[in-house]
Amino acid sequence: MTDLAIPDRSITIERGDLADPRTLRLLADHLADMHAESPPESVHALDVSGLAAPNVTFWVIAAGDDLLGCVALKELDPGHGELKSMRTDAAARGLGLGARLLEHVLDEARRRGYSRMSLETGPQDFFRPARRLYAKYGFTECGPFADYGPDPLSVFMTMELAAVPGAPR
């Protein structure tokens with residue numbers, strides 16, 4: 001990774017290439033962290049095949065040739081999206097990239113006309129910064145949604161979205 005004093009204008013968010021070795025490394029790191037923190041039955045992170053599903057859109061955040069993070073949006077139904085695979089590379093944490101990724105997904109969800117966004121994360125200390133970020137943007141804890149069931153190692157969060165005027169429903 002290059003110098004992390006990245007000029008804001010050099011940061012891009014674009015659709016991710018799931019065959020790119022840099023993406024695969026980022027996703028492997030993500031899955032390794034999830035499995036280090038939770039038993040297999042409590043890991044709900046998507047692998048590459050899950051991210052390639054037709055109802056999932058995947059983006060990366062980059063500075064030049066360096067991939068610094070990723071995020072995905074899974075459509076649960078026409079009005080409800082799920083945040084998936086939110087990851088900032090360990091070397092790029094603390095630069096506000098997670099907030100940029102989250103804002104990107106929320107903007108896209110509003111553009112699509114979703115009325116609700118939800119997510120699943122962990123209760124462990126490792127996930128505390130993510131939970132704080134989600135709460136800052138308006139997510140609140142809720143019960144299991146979609147195909148999730150109760151799990152003491154899952155924290156479920158949701159938020160209502162205001163529609164973007166003129167956006168298709």
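Buried here means under 20% relative accessible area, exposed means over 50%, and partly exposed lies in between (1.4 Å probe, protein chains only). The model is predicted, so local features need pLDDT of at least 70 and side-chain atom pairs count only at pLDDT 80 or more, while totals for chains, interfaces and linings use all residues. Residues are numbered from 1 along each chain as its sequence is written, and side-chain values use heavy atoms, with hydrogens and water left out.

**View 1. Strand β5 and its surroundings.** Strands (E, at least two residues) and helices (H or I, at least four) are DSSP runs, numbered from the N terminus. Strand β5 covers residues 116–121, and 5 of its 6 residues are buried, so the strand is largely enclosed by the rest of the structure. Two strands pair if DSSP finds at least two bridges between them. With strand β4 (residues 80–88), β5 pairs in the parallel sense over 3 bridges, and here you can find G81 opposite M117 of β5. Helix α3 (residues 97–112) joins in too: β4, α3 and β5 make a right-handed β-α-β unit. Right-handed means that, with the strands pointing away from the viewer, the path from the first strand over the helix to the second runs clockwise.

**View 2. Strand β7 between its partners.** Strand β7 (residues 155–160) runs antiparallel to β5, and 6 bridges join the two. Look for M117 opposite M159 in β7, and for R116 opposite E160 in β7. Strand β7 also pairs with β6, in the antiparallel sense over 3 bridges, with E141 facing M157 of β7. Like a well-wrapped parcel, β7 is mostly covered: 5 of its 6 residues are buried.

**View 3. Two residues with positive phi.** Most residues other than glycine have a negative phi. S85 has a phi near 50°, a positive value in a residue other than glycine. S85 sits in strand β4 and is buried, with a relative accessible area of 6%. The phi of A146, also a residue other than glycine, is positive and near 50°. A146 belongs to the loop between β6 (140–142) and β7, and is exposed, with a relative accessible area of 51%.

**View 4. The largest pocket.** On a 1 Å grid over the protein atoms alone, a pocket is an open set of points where a 1.4 Å probe fits, with protein on both sides within 12 Å along at least five of seven lines; lining residues have an atom within 4 Å of a point. Grid points are joined across faces, edges and corners, and a volume is the space filled by probe spheres set on the points. The largest pocket has a volume of about 760 Å³. Its lining has 34 residues, of which M86, R87, F127, A130 and Y134 are the closest to the centre. At least two lining residues come from each of α1 (21–37), β4, α3, β5 and α4 (128–136), and β4 gives the most, with 7 residues.

**View 5. The largest nonpolar core.** A nonpolar core is a set of buried Ala, Val, Leu, Ile, Met, Phe, Trp, Tyr and Cys residues joined through side-chain atoms within 4.5 Å. The largest one has 27 residues, and L83, M86, L102, M117, Y134 and F139 touch the most other members. Elements giving two or more residues to this core include β2 (56–63), β3 (66–77) and β7. Helix α3 supplies the largest share of this core, 7 residues.
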